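Work through the exercises below with the sequence and the structure at hand. Try each task before reading its solution.

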Amino acid sequence: IAQAPELGKTETLHQNILQRWFLHVLFLGASLVVTIYSLTRALLSSKLRTLHIFMVFMSIGAGLRLIITGNLLPYLAADLTVNHQFYWSWVTFLGLLGVFVGGQPVIVPKVFASRPNLKRLFILMAYLPLLLVCLIPLLSLHTFLLSGHLLRLVYISVAIVYTVFLAIEVWRRPRGQWLQLVGTIVILVAGVSDSVVYASNRDPYIEAFAMAMFFFIVSQAIYFGWGHIRLLDRTQNLSSDLRELNANLEGQVLQRTRDLEKVNARLELAATTDVLTGLPNRRAFELEIEKEMGRAQRNPEPLCLAIVDADWFKLVNDRYGHDFGDTVLQQLAHCLRDSLRKTDFVARIGGEEFAIVLPGADLQAAAGRLAKLCAGVKELSFSQQPSYRLSISIGCAQWQGPVPAAPSTGLEPQQLAGESIDSLYKRADTALYRAKKDGRGRLELAGSASYSSD
């Protein structure tokens, strides 16, 4: 048990007491600030929450230790005896020691991640001081103090070994646990110093162990707080870079999409366009006649198909050459396109053969337009061969829509499907053959399609 020190005169005694109170109150305020900061971070943020909870317990323990060792406890509890003073002093010491040892896996998780046995050892050593505190009612003061001194010596030995271990880790990775190493050395030196002071029956002016614990907590709060701020700055910078990259990527994707749409449009146009005349080709014609047939079937309206063929075109190529033949086809395509309605569809489906789809026109209306077309083509002139006159033969057929079949039972008569594309094309082509056979340069109309219920 420490003896009362020789303090000298009354003025010196009062001065020492005031200085001690001032320092303890100052460090108590700082401990309270760290406690509030760590508690706030633990409640508001999920990152490093376990570490901040540990710092809350450590700062509270350091504050209680300062209250007891700073002779402030008798003023808070006037009926406190000397034995109670010793008990509370050792309880705070052992509690702070247990929390510090048990918190090492939290402070330096990288050290204990690959060493599970070392982690279990530290957890066990954290329970020993707390177990001794729980045994206070069963132990006499003398036995309790001897157990506490013995336990402190054991932990000083363990702290020396742990310090050497941390020194090796820092030597391997200099940017690793250097702060924990410095803090552990300071706490070890402070604990040994306090042990020497108490063993010599002298009252320390201010307990070094409590102050070392406090500075360890403050350094951890500053270190991890600074690291968190740097991490936030880095995260914000990464987020800004990511947004910029996303914006650039979206712009590139949008531009690529537009380019692909243009390329697809050009490919689609090339796949459905005749290179020589610029008219739609046979593939486009098949798509168009199928579409118009479906529309005419849904909405009862007439639809005609005309097949146009340039007369004696093989002789043109043989007599005047293929270049002139290409010119003839180009001017014929231009004439066909300009002589018909915008709703009519003209396509080149063969060498000198063209197809015209006339939606909404019956056979009589289509015949009038096509007859004018025949006459207009005969008036075409060609500067390369002024004596040459072009003529065309046309075969035209009207699509026959669904018609009711004759009833064979007492049920309602069924609807037969409309004429197929092949049937319509065949009738128009047959009419074209008759036009060529009967003198060329003329229009021939096809008869109606025949239906059967089979």
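**Exercise 1. Helix H11**

Task: Compare the expected span of helix H11 with the distance between its end C-alpha atoms.

Solution.
Step 1. The model is a predicted one, and in it helix H11 runs over residues 282–298, which makes 17 residues.
Step 2. The expected span is 1.5 Å times one less than the number of residues, so H11 should span 24 Å.
Step 3. The end C-alpha atoms of H11 are 24 Å apart, which agrees with the expected span.

Task: Which residues of H11 are buried, and what covers them?

Solution.
Step 1. Buried means under 20% relative accessible area. The residues of H11 that count as buried are Ala 284, Phe 285, Glu 288, Ile 289, Glu 292, Met 293, Gly 294 and Ala 296.
Step 2. The cover over these buried residues includes three strands, S1 (303–310), S2 (345–348) and S3 (353–359), and also helix H15 (421–437).

**Exercise 2. Asn 281 at the start of H11**

Task: Describe where Asn 281 lies and what its side chain reaches.

Solution.
Step 1. Asn 281 is located in the loop between helix H10 (208–271) and H11.
Step 2. Its relative accessibility is 15%, so Asn 281 counts as buried.
Step 3. At the start of H11, a side-chain oxygen of Asn 281 comes to within 3.3 Å of the backbone nitrogen of Arg 283. The side chain of Asn 281 also reaches the backbone nitrogen of Ala 284, at 3.1 Å.
Step 4. Leaving out residues up to four places away in sequence, Asn 281 touches Ala 271, Thr 272, Thr 273, Asp 274, Ala 347 and Arg 348.

**Exercise 3. Helix H7**

Task: Repeat the span check for helix H7 and list its buried residues.

Solution.
Step 1. Helix H7 covers residues 116–134, which makes 19 residues.
Step 2. At 1.5 Å a residue, H7 should span 27 Å, and its end C-alpha atoms are 27 Å apart, so the two values agree.
Step 3. In H7 the buried residues are Phe 122, Met 125, Ala 126, Pro 129 and Leu 132.

**Exercise 4. Cysteines**

Task: How many disulfides does the structure have, and why is Cys 374 in none?

Solution.
Step 1. To count as a disulfide, two cysteine sulfur atoms must lie within 2.5 Å. By this rule the count is zero.
Step 2. For Cys 374, the closest cysteine sulfur belongs to Cys 335 and is 10.0 Å away, which is too far for a bond.
Step 3. Cys 396 is in no disulfide either, as the nearest cysteine sulfur, that of Cys 304, is 4.5 Å away.
Step 4. Cys 374 has a relative accessible area of 6% and is buried. Cys 396 is buried too, with a value of 0%.

**Exercise 5. Aromatic rings**

Task: How many aromatic pairs are found in the whole structure, and how are the rings of Phe 324 and Phe 382 arranged?

Solution.
Step 1. A search of the whole structure gives six aromatic pairs.
Step 2. In one of them, Phe 324 and Phe 382 have ring centres 5.7 Å apart and planes at 75 degrees, so this pair is edge-to-face.
Step 3. Phe 324 belongs to helix H13 (residues 322–339), whereas Phe 382 is in the loop between helix H14 (363–378) and strand S4 (392–398), so the pair ties together parts that are 58 residues apart in sequence.
Step 4. Phe 324 is buried at 5% relative accessibility, and Phe 382 is buried at 1%.

Task: Which arrangement do the rings of Phe 324 and Tyr 388 have, stacked or edge-to-face?

Solution.
Step 1. The ring centres of Phe 324 and Tyr 388 are 5.7 Å apart and the planes are at 80 degrees, so the pair is edge-to-face.
Step 2. This pair links distant parts of the chain, with Phe 324 in helix H13 and Tyr 388 in the loop between H14 and S4, 64 residues apart.
Step 3. Tyr 388 has 9% relative accessibility and counts as buried.
Step 4. Tyr 320, Phe 324, Phe 382 and Tyr 388 make up one aromatic cluster.

**Exercise 6. Thr 327**

Task: Where is Thr 327, and is its place buried or exposed?

Solution.
Step 1. Thr 327 is in helix H13.
Step 2. With 17% relative accessibility, Thr 327 counts as buried.
Step 3. Not counting residues up to four places away in sequence, Thr 327 touches Phe 382 and Gln 384.

Definitions and conventions: Residues numbered from 1 in each chain as written. Predicted model: local features only at pLDDT ≥ 70, side-chain atom pairs only at ≥ 80, totals over all residues. Heavy atoms only, no water. Buried < 20%, exposed > 50% of the residue type's maximum accessible area, 1.4 Å probe, protein only. Helix = DSSP H or I, 4+ residues; strand = E, 2+ residues; numbered from the N terminus. Contact = heavy atoms within 4.5 Å. Polar contact = N/O pair within 3.5 Å; in protein donor to acceptor, adjacent residues only side chain to side chain. Phe/Tyr/Trp six-rings, centres within 6.5 Å; stacked < 30°, edge-to-face > 60°.
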